[in-house]
Amino acid sequence: MTAQSYKFPQDFIWGASTAAHQIEGNNTNSDWWAREYAPQTDLKEPSGDACDSYNRYEEDIRLLAQSGLTMYRFSIEWARIEPIEGVYSRAQLLHYRAVIDTCHKYNIEPMVTLHHMTLPLWFASQGGWLRDDAADIFSRYIEYVKPILHDVTWVCTINEPNMVALTQGGTEGSDFAASSLPSPDSIISQHLVEAHKRARDVLSSIEGVKAGWTIACQAFHAIPGCEAEMEAYQYPREDYFTEAAAGDDFIGVQAYLRTFIGKNGPVPIPTDAERTLTGWEYFPPALGIAVHHTWEVGRHTPIFVTENGIATSDDSRRIDYTYDALAGLHSAMNDGITVHGYLHWSLLDNYEWGSYKPTFGLIGWDKETFERQPRPSLGWLGEIGQTGIVQHPTR
Ligand code: FCB
């Protein structure tokens with residue numbers, strides 16, 4: 001029996017995502033770098049050179065283009081652009097303009113994220129998102145970056161504001177267990193919404209720009225009888241941010257896993273469940289569920305899947321996971337949900353917030369030489385990028 005194939009619309013966009021701190025290396029002016037190298041750090045290992053993508057970005061973009069994918073989501077590192085308050089680096093700005101130009105050279109549409117977890121150390125150490133003037137400071141940075149975005153259509157203001165609020169402004173840490181998520185900080189949540197709105201206003205003067213933010217969406221399930229508890233749990237951790245994005249040009253959905261909520265909050269993953277290298281339950285339908293939920297809560301704002309993937313050392317499992325996730329996405333689109341595209345997390349194995357162990361990459365790399373090692377999943381997804389037809393290679 002052959003597995004089903006799924007045909008996506010011709011204009012559906014296929015690509016892959018990364019984030020600056022996780023791939024560039026030596027992001028020395030950021031709060032994360034300071035935390036990684038603090039004597040009493042709580043992290044398993046520091047980011048160091050990461051994948052050296054700060055220097056090797058052209059090769060990464062070329063590999064993406066050669067595979068058949070057509071979009072690259074990457075982030076601009078605020079800590080490089082403004083290493084000291086009010087001191088802006090023109091050279092760093094031009095570095096990111098060169099990344100955009102390189103995308104265009106290879107016919108790749110860039111999607112640019114302006115803030116992906118890391119903050120300039122000066123801002124973080126002055127209170128970061130807790131500061132009353134956080135939105136002013138963030139929009140000042142975006143004003144500075146705006147000139148290099150003049151021909152960029154897709155811009156994400158803030159990555160996973162809900163994770164930022166949960167982790168006090170960017171300290172996600174190496175404990176990936178979803179069941180241990182703390183409560184979000186309500187002041188940070190409000191300031192992030194304000195910063196997003198201000199960023200959108202700054203960006204709105206760019207002709208044709210589509211701006212949105214990207215939300216960590218879990219497929220929440222209520223243990224029967226705990227529906228109210230689930231709603232109370234989900235609202236401040238997710239829906240608050242989705243509601244704030246209603247009416248944006250798009251909402252970025254980032255989905256990986258599901259969480260069951262009982263009377264006392266999250267219920268541990270059953271011991272016999274398959275787990276990925278992040279410790280998360282292997283659950284590909286999370287994407288379709290998250291897309292449905294975001295479409296409702298976001299009052300039918302168009303969706304872009306800006307992250308979805310799996311940390312595994314078995315590339316064939318990556319294909320299995322992605323195939324099943326895309327089946328759920330296809331079915332959501334058949335239900336009438338507008339989805340512009342799908343970006344896989346991640347183009348490269350990368351620094352997963354405290355550890356290099358969870359390997360999410362369509363491309364691996366040699367730890368000594370940084371030589372890129374594309375995996376079969378890259379070719380598989382790239383072909384989908386060309387045909388729009390999702391087929392499993394062996395099922
Ligand atoms: C998301 C983050 C991204 C990456 C993936 C696995 O929460 O946006 O940086 O760590 O999870």
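This passage describes the overall build of a predicted model, then one of its strands and the surroundings of its ligand.

The protein chain contains 13 helices and 13 strands. Its radius of gyration is 20 Å, which is close to the 21 Å given by the globule rule for 395 residues, so the protein chain is as compact as a globular protein of that length. The C-alpha trace spans about 60 × 50 × 45 Å along its principal axes. Buried residues make up 61% of the 395 residues of the protein chain, where buried means a relative accessible area under 20%.

Strand β2 was examined in more detail. This strand covers residues 13-17, and five of its five residues are buried, so β2 is largely enclosed by the rest of the structure. In a regular strand, side chains alternate between the two faces of the sheet. In β2, Ile13, Gly15 and Ser17 point one way, while Trp14 and Ala16 point the other way. The residues on both sides of β2 are all buried.

Strand β2 is paired with two other strands. Strand β10, made up of residues 339-345, runs parallel to β2 and is joined to it by five bridges. Within this pair, Ala16 stands opposite His344 of β10. Strand β3, which comprises residues 71-75, also runs parallel to β2, and three bridges join the two. Here Ser17 of β2 stands opposite Arg73 of β3.

The ligand is surrounded by Gln22, His116, Met117, Asn159, Glu160, Gln254, Tyr256, Glu307, Trp345, Glu352, Trp353 and Phe360. By residue class, this shell consists of five nonpolar, four polar and three charged residues. The charged residues of the shell include Glu160 and Glu352.

Polar contacts to oxygen atoms of the ligand were found for several side chains, among them those of His116, Glu160 and Glu352. For His116, a polar side-chain atom lies 2.8 Å from a ligand oxygen atom. For Glu160, the distance between a side-chain N or O atom and an oxygen atom of the ligand is 2.6 Å. For Glu352, the corresponding distance from a side-chain N or O atom to a ligand oxygen atom is 2.5 Å. Taken alone, the ligand exposes 290 Å², and the protein buries 97% of that area.

Notes:
Residues numbered from 1 in each chain as written. Predicted model: local features only at pLDDT ≥ 70, side-chain atom pairs only at ≥ 80, totals over all residues. Heavy atoms only, no water. Buried < 20%, exposed > 50% of the residue type's maximum accessible area, 1.4 Å probe, protein only. Helix = DSSP H or I, 4+ residues; strand = E, 2+ residues; numbered from the N terminus. Pairing = 2+ DSSP bridges. Near = heavy atom within 4 Å. Polar contact = N/O pair within 3.5 Å; in protein donor to acceptor, adjacent residues only side chain to side chain. Areas by Shrake-Rupley, 256 points an atom, 1.4 Å probe, with all protein chains shown as cover. Rg over C-alpha atoms; globule rule 2.2 N^0.38 Å.
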